[in-house]
Amino acid sequence: MTGSELLVLGIRALNAAEVPDGAKDARRLLAHALTVESGRLTLVLPDPVTPEQTAVFQNLIARRAARVPVSHLTGQRMFYGRTFCVSGDVLDPRPETETLIEAALAQPFQRVLDLGTGSGCILLTLVAERDGATGMGVDLSEAALSVAVANGRALNLAHRVAFAQGSWFAALQGSEERFDLIVSNPPYIAADEMADLSPEVRDHEPRMALTDEGDGLAAYRAIMADAPEHMKPGGRLMVEIGPTQGAKVRAMMLAAGLAPVAVLRDMDGRDRVVLGGKPRV
């Protein structure tokens, strides 16, 4: 059997399972099974595949048909031009989060704190993009921190970042350090919205990183309560939000004494990031 024939079978299986973008996913999974770059897949499709490669691909297709995310099957996801290791212990990096990255990079910073770091994609991207910057990532999940540490090593940034386990600012363990920039993509999905998520997200990403089991705003309340005392004068706080939460999170920032406060939209025109600054005086 050739790669082309195997690909056709994979596409048919994913289409039969009503997997969105089945053809695209089948190509990515075949490239992974054949250990070739996705961009080179077309060049090797006419070649015969081994029984071992066939078995690997068929297993990947079966799991994808069960709605396991492609990133979990390949173990990686692209974000802001870099490859990050991912697993079921962390949220998949998503294109809309690049809105936060762009906003953060719009002004200088040297020291950044990432609350709920997950895979570390936000922290590591910011440090990689800003020469001389260093940072700390905190997360409640030990498994997530293991992924973040591995990503830091893979990107040769381990000497510029540190990670700590704990809930929000409690992970700093009484440190009096002040940061130029604090960022977070916290769990913001309300409990009653979970059922509407795709199976890939609802059933395969860590629930604690998705929802607070309440109204989706608990994390922002916790962050706003302590963020000002951990920010340098003139420092910035940026949080990713759900598209209906802009006004409420903006009000929380203002109540915490941060000003000015702005709500930024993502590439699809939806509210995505709220940012505020700590007055210099």
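I take buried to mean under 20% relative accessible area, and exposed to mean over 50%. I'm working from a predicted model, so what I jot down here is read off computed coordinates.

**Entry 1: helix H1**

I started at the front end, with H1, residues 3–16. Its 14 residues reach 20 Å from first C-alpha to last, close to the 20 Å expected at 1.5 Å a residue. Which residues of H1 are buried? I get Gly3, Leu6, Leu7, Gly10 and Leu14. They cover an arc of only 100° around the axis, which puts them on the same side of H1. I then checked the face turned away from that buried side and found the exposed residues Arg12 and Ala16 there. What covers the buried residues of H1? The cover includes H2 and helix H4 (51–65).

**Entry 2: the loop after H1**

Next I went through the backbone angles between H1 and H2. Glutamate 18 sits in that loop, just after H1, and takes a positive phi of about 60°. It does so although it is not a glycine. Buried or exposed, I wondered about glutamate 18? At 66% relative accessibility it counts as exposed.

Aspartate 21 is in the loop between H1 and H2 too. Its phi is positive, about 55°, and again this is not a glycine. I looked up its accessibility: 58%, so aspartate 21 is exposed.

**Entry 3: alanine 33**

I moved on to H2, residues 22–34, where alanine 33 is found. With a relative accessible area of 9%, alanine 33 is buried; the cut-off I'm using is under 20%. What does alanine 33 touch, leaving out residues up to four places away in sequence? I listed Gln53, Val56, Phe57 and Leu60. I also took a long-range distance: the C-alpha atoms of alanine 33 and glycine 257 are 53 Å apart, with their positions 224 residues apart along the chain.

**Entry 4: histidine 72 and an aromatic pair**

Histidine 72 belongs to helix H5, residues 70–74. Its relative accessible area is 18%, so I put histidine 72 down as buried. Beyond residues up to four places away in sequence, histidine 72 touches Ser87, Gly88, Asp92 and His204. From histidine 72 to glycine 39 I get 20 Å, C-alpha to C-alpha, for 33 residues in sequence.

How many aromatic pairs does the structure hold? I found one. The rings of phenylalanine 79 and phenylalanine 84 have centres 6.2 Å apart and planes at 70°, so I logged the pair as edge-to-face. Both phenylalanine 79 and phenylalanine 84 are buried.

**Entry 5: helix H8**

I gave H8 (residues 142–154) the treatment I gave H1. Its 13 residues should span 18 Å at 1.5 Å a residue, and the end C-alpha atoms are 19 Å apart, which agrees. The buried residues I noted are Ala144, Leu145, Val147, Ala148, Asn151 and Gly152. Down the axis these fall within an arc of 155°, so they line one face of the helix. Glu142, Arg153 and Ala154 are exposed on the other side of H8. What do the buried residues of H8 pack against? I have strand E2 (82–85), helix H7 (121–129), E4 and strand E5 (161–165).

**Entry 6: the cores**

The largest nonpolar core has 34 residues, and I asked which ones touch the most other members: Leu113, Phe169, Tyr220, Leu237 and Val239. Elements giving two or more residues to this core include strand E3 (111–115), strand E7 (231–240) and helix H12 (246–255). H11 gives the most, with four residues.

I followed up on leucine 237. Not counting residues up to four places away in sequence, its contacts include Ile182, Ile223, Met253 and Val274. There is also a second, separate core of 24 residues, and among its members are Tyr80, Leu124, Leu181 and Leu275.

**Entry 7: the hairpin**

Last stop, the far end of the chain. The peptide bond from alanine 259 to proline 260 is cis, omega near 0°, and I placed proline 260 in the loop between H12 and E8. Strands E8 (261–265) and E9 (271–277) run antiparallel, joined by five bridges. Arginine 265 has aspartate 271, in E9, as its bridge partner. The two strands form a hairpin with five residues between them, and I noted that glycine 269 in the turn has a positive phi of about 80°.

Technical notes
Residues are numbered from 1 along each chain as its sequence is written. This is a predicted model: local features need pLDDT of at least 70, side-chain atom pairs count only at pLDDT 80 or more; totals for chains, interfaces and linings use all residues. Side-chain values use heavy atoms; hydrogens and water are left out. Buried means under 20% relative accessible area, exposed over 50%, partly exposed in between (1.4 Å probe, protein chains only). Contact means heavy atoms within 4.5 Å. A nonpolar core is a set of buried Ala, Val, Leu, Ile, Met, Phe, Trp, Tyr and Cys residues joined through side-chain atoms within 4.5 Å. Rings of Phe, Tyr and Trp (its six-membered ring) pair if their centres lie within 6.5 Å; planes under 30 degrees apart count as stacked, over 60 as edge-to-face and the rest as tilted. Two strands pair if DSSP finds at least two bridges between them. The expected span of a helix is 1.5 Å times one less than its number of residues. The arc is that of the directions from the helix axis to the C-beta atoms.
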